[in-house]
Amino acid sequence: IMKVFEEAIKSTDLRSRILGYNILNTFVKQDLGKVREFMANEFPEHRLLNTLVDAIKVENDHGTKYLAADIIRQLLELEPQTDNTTQTTQERPKFVILFYEKFIGKLVSFLEDTEENEEKRLLKKKDLNACRSHVCELLTFLVISDSSRVKNFIVQSDVFQKISILMREQEKYIALAGVRFIKACITRKEEMYVTEIINSDVFYSLVQLLKENEHLDNSITSGILSLFEF
């Protein structure tokens, strides 16, 4: 049945893709362990997970971009500890190892604008910014839920510098996604995060963003001001 999902979400027909994502999302909610097991053992290319990750960038329908990102988030979630260890819990470590080894780097690469043709870049800007927003939200989720595993990757991959550049974008929802990520890192109160934030251009971008919004009572202003409480 997973092969059917894979073909549906790769379809050129938008209605088929939406249906595929919605059914896969329902299946993930009902049998998370089985989906993780399939994705972790789908050799050699882990095509279903690869298709989900790629969809965050290449999908031109924003609703399906959101579904792809949300399915990935669910797959990475920690389950509450209980006396009875279930298959759902057992399969998570294997899936998470796969994600960090082969896919998180790909997601972070989506934060960068690599299009050299200016005309094409402007045409794709809206889709790219939606993609960046989803990547920021996934990284924020990982910092909150799985910080011990993700922090080394964040530092080694220069994520703070990439986020700093994003916060200078004109689209405010992108800047806000960056602010939420920085706040999640600062809230952890871990020296590694703090050191990297200081060494990057993050505070410069935050101050510039605050200046641009100083006369506005909005979520960006309140989000930045709350950072300095820490």
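Val194 lies in helix 12, which spans residues 191-199, and in this predicted model the residue is partly exposed, with a relative accessible area of 36%. Together with Ile198, Phe203 and Phe228, Val194 makes a nonpolar surface patch of about 360 Å². Because a patch residue needs over 30% relative accessible area and no salt bridge, the 36% of Val194 satisfies the accessibility part of that requirement.

**Overall architecture**

The secondary structure of the protein comes to 14 helices and zero strands, so that reading along the sequence gives the pattern α-α-α-α-α-α-α-α-α-α-α-α-α-α. Of the 230 residues in the protein, 48% are buried, and the accessible surface comes to about 12,100 Å², with 52% of that area belonging to carbon and sulfur atoms. When contacts between residues at least 6 apart in sequence are considered, 71% of them join residues at least 24 apart.

**Packing of helices 10 and 11**

Two packed helices are described by the angle between their axes and the distance between the axes. For helix 10 (residues 159-166) and helix 11 (residues 172-188), the axes come within 8 Å and cross at roughly 145°, and the crossing is left-handed. On the helix 10 side the contact is made by Val159, Phe160, Ile163 and Leu166, while helix 11 contributes Ile174, Ala175, Gly178, Phe181, Ile182 and Cys185.

**Salt bridges**

Side chains of opposite charge can pair when their charged atoms come close, and a search of the whole structure finds 13 salt bridges. Three of these pairs are set out below, with the separation of nitrogen and oxygen given for each pair.

| Acidic residue | Basic residue | N to O separation |
|---|---|---|
| Asp70 | Arg73 | 2.7 Å |
| Glu137 | Arg180 | 2.4 Å |
| Glu190 | Lys151 | 2.8 Å |

The pair of Glu137 and Arg180, with closest N and O atoms 2.4 Å apart, links distant parts of the chain, since Glu137 belongs to helix 8 (residues 118-145) and Arg180 to helix 11, 43 residues apart. Both partners are partly exposed, Glu137 with a relative accessible area of 30% and Arg180 with one of 37%.

Glu190 and Lys151, whose closest N and O atoms are 2.8 Å apart, form another such connection: Glu190 lies in the loop between helix 11 and helix 12 and Lys151 in helix 9 (residues 147-156), so the pair ties together parts that are 39 residues apart in sequence. Glu190 is buried, with a relative accessible area of 16%, whereas Lys151 is partly exposed at 22%. The assignment of these two residues to separate classes follows from the cut-off, because buried means under 20% relative accessible area, and 16% for Glu190 falls under that value while 22% for Lys151 does not.

Within helix 5 (residues 62-76), Asp70 and Arg73 lie three residues apart, about one turn of the helix, and their side chains meet in a salt bridge with an N to O separation of 2.7 Å. Asp70 is buried, with a relative accessible area of 12%, whereas Arg73 is partly exposed, with a relative accessible area of 25%. This pair also belongs to a wider arrangement, in which salt bridges that share partners join Asp70, Arg73 and Glu77 into one network.

How values were computed
Residues are numbered from 1 along each chain as its sequence is written. This is a predicted model: local features need pLDDT of at least 70, side-chain atom pairs count only at pLDDT 80 or more; totals for chains, interfaces and linings use all residues. Side-chain values use heavy atoms; hydrogens and water are left out. Patches are made of residues with over 30% relative accessible area and no salt bridge: like charges are joined within 9 Å, nonpolar side chains (Val, Leu, Ile, Met, Phe, Trp, Tyr) within 5 Å. Accessible areas come from the Shrake-Rupley method with a 1.4 Å probe; for residues, only the protein chains shown count as cover. A salt bridge is a side-chain nitrogen of Lys or Arg within 4 Å of a carboxyl oxygen of Asp or Glu. Helices (H or I, at least four residues) and strands (E, at least two) are DSSP runs, numbered from the N terminus. Buried means under 20% relative accessible area, exposed over 50%, partly exposed in between (1.4 Å probe, protein chains only). Axes are lines fitted to C-alpha atoms, for helices over the stretch in contact, and angles run from 0 to 180 degrees between N-to-C directions. A crossing is left-handed if the near helix is turned anticlockwise from the far one by less than a right angle, and right-handed if clockwise. Contact means heavy atoms within 4.5 Å.
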